[in-house]
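Open the model in your viewer and keep the selection tool at hand. We will go from stop to stop, and at each one you will hear what to select and what is there.

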Amino acid sequence: MNNGTLKQKKFNVLDWMIIIVLILCVAVFVLRYTRKEDIKANSIAGTYAISFTVENVRYTTSDAFVKGDAVYVATDDTYIGIFDRIDSNNPSAYYAEDPSGGLVKKYYPEGTRVDLSGTIISEGVMNDDGYFAGGSYYLAPGKELTIYTGHIYIDIVLSGITEYTE
Amino acid sequence: MALKRKKKAFNVSDLFFIVVIVAVIAVGIFLYKNMGIGSSDSSGSNTVTIEYTLEFKELNGAVIGHVKAGDNAQDPDNKQSIGTIVSVQTVPYEEIVYNAEDGNVYMQANPDSWNLLITIRAQAEHTDRGYYVNGTRFLVGKSNYLWSRGFAGKGYCINIREIG
């Protein structure tokens, strides 16, 4: 005889899967913020000067670096600081082969190809793991980046990160 | 006898859906705040008239001479105008060569290769991420495709000048 009540659903495998996924999410969340706190606890937050080099570009390229422009990483649009200055602007090196088969270091003529170096001012934290722009974006000397500002899009190689002093 | 339906209890599935919805909202807020999605990019932009030059390198002589000032330029990706060509300059493609006799290097023109410098005038929105002409972004050092009546190719932007 029908007693007029539907049988309550049992706790099944799907429910267990959902519980496991939720636990994993919470665990990842906790780990992520624990790690962030660790970084903060052992770090020095402040303003840093990131120096960079650019090799073998057209001689007019330096005109497109504008002081005060926001600098973003092209691959993920992360903001890393503001452009401060061009530090050097010299003809690019050219390695020619001499008649004896050796290499001779020469430089491109004026008004052709140049190597540049410059500085970006960045807010971030420095700790034992390195420098993190904005507290989370890892940067270190040797890292190659494509950056852009409101005026230029260019490949750079980071050459140093030091505390900024005006 | 009327069938009496038992009221469903709030279960794990409901909780899961709530968590998913909260996560979607959180991601939306994150994107809005950090990526600028949804924000008015034009609030930090200004409309300017620019002249920019695209350099197309090492071209065969056969493709030179067909493009001219006054032609419209188009981005082949979005089929939008990227301005009007105001000047076309053809210069020899030069390579660096080493003269072992005097020990110097010289730029020597390749007799079969040419660089085409096409300067285009357009109205652009200038933001801190570049100049946008009908959705196409221009920055010095960035490559762009161009279609026009007399030429199509991929060139690098070598300068941008605001003229108004």
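Start by selecting A:Ala93 and A:Tyr107: in strand β5 of chain A, A:Tyr107 is the bridge partner of A:Ala93. Strands here are DSSP runs of E with at least two residues, helices are runs of H or I with at least four, and both are numbered from the N terminus.

Before moving on, note that this is a predicted model, in which local features need pLDDT of at least 70 and side-chain atom pairs count only at pLDDT 80 or more, while totals for chains, interfaces and linings use all residues. Residues are numbered from 1 along each chain as its sequence is written, and chains are lettered from A and ligands numbered from 1 in the order in which they are written.

**Two hairpins in chain A**

Now extend the selection to the whole of β4(A) and β5(A), which run antiparallel and are joined by five bridges. Two strands count as paired if DSSP finds at least two bridges between them. β4(A) and β5(A) make a hairpin with five residues between them, and in the turn you can pick out A:Gly101, with a positive phi of about 95 degrees.

Next, select β2(A) together with β3(A), residues 78-91; these strands are antiparallel and share four bridges. Here A:Tyr72 has A:Tyr79 as its bridge partner. This pair is also a hairpin, with four residues between the strands, and A:Asp77 in the turn has a positive phi of about 60 degrees.

Which other strand does β2(A) pair with? Add β9(A), residues 144-148: two bridges join this strand to β2(A), and the two run antiparallel. Look for A:Val73, which stands opposite A:Ile147.

**Chain A as a whole**

Select all of chain A and you have one helix and ten strands. The helix comes at the start of the pattern, followed by the strands. An automatic or database domain assignment divides the chain into domain 1 (12-41) and domain 2 (45-163). Colour these domains separately: their C-alpha centres lie 38 Å apart.

Of the 166 residues in chain A, 20% are buried. A residue is called buried with 20 or more other C-beta atoms within 10 Å of its own, exposed with 12 or fewer, and partly exposed in between, the C-beta atoms being placed from the backbone.

For a single example, click on A:Tyr33 in helix α1 of chain A. Is A:Tyr33 buried or exposed? It is exposed, because 10 other C-beta atoms lie within 10 Å. From A:Tyr33 to A:Ile80 the C-alpha distance is 21 Å, with their positions 47 residues apart in sequence.

**Where the chains touch**

Show both chains now. The contact involves 31 residues of chain A and 27 residues of chain B; two residues are in contact if their C-beta atoms, placed from the backbone, lie within 7 Å. On the side of chain A that touches chain B, α1(A) gives the most, with four residues.

**Last stop: a tyrosine in chain B**

Finally, select B:Tyr132 in strand β5 of chain B, residues 130-133. B:Tyr132 is partly exposed, because 19 other C-beta atoms lie within 10 Å. Leaving aside neighbours within four places in sequence, B:Tyr132 is in contact with B:Ala124, B:Glu125, B:Thr127 and B:Arg137. To end the tour, zoom out to B:Ser13: its C-alpha atom is 46 Å from that of B:Tyr132, and the two are 119 residues apart along the chain.
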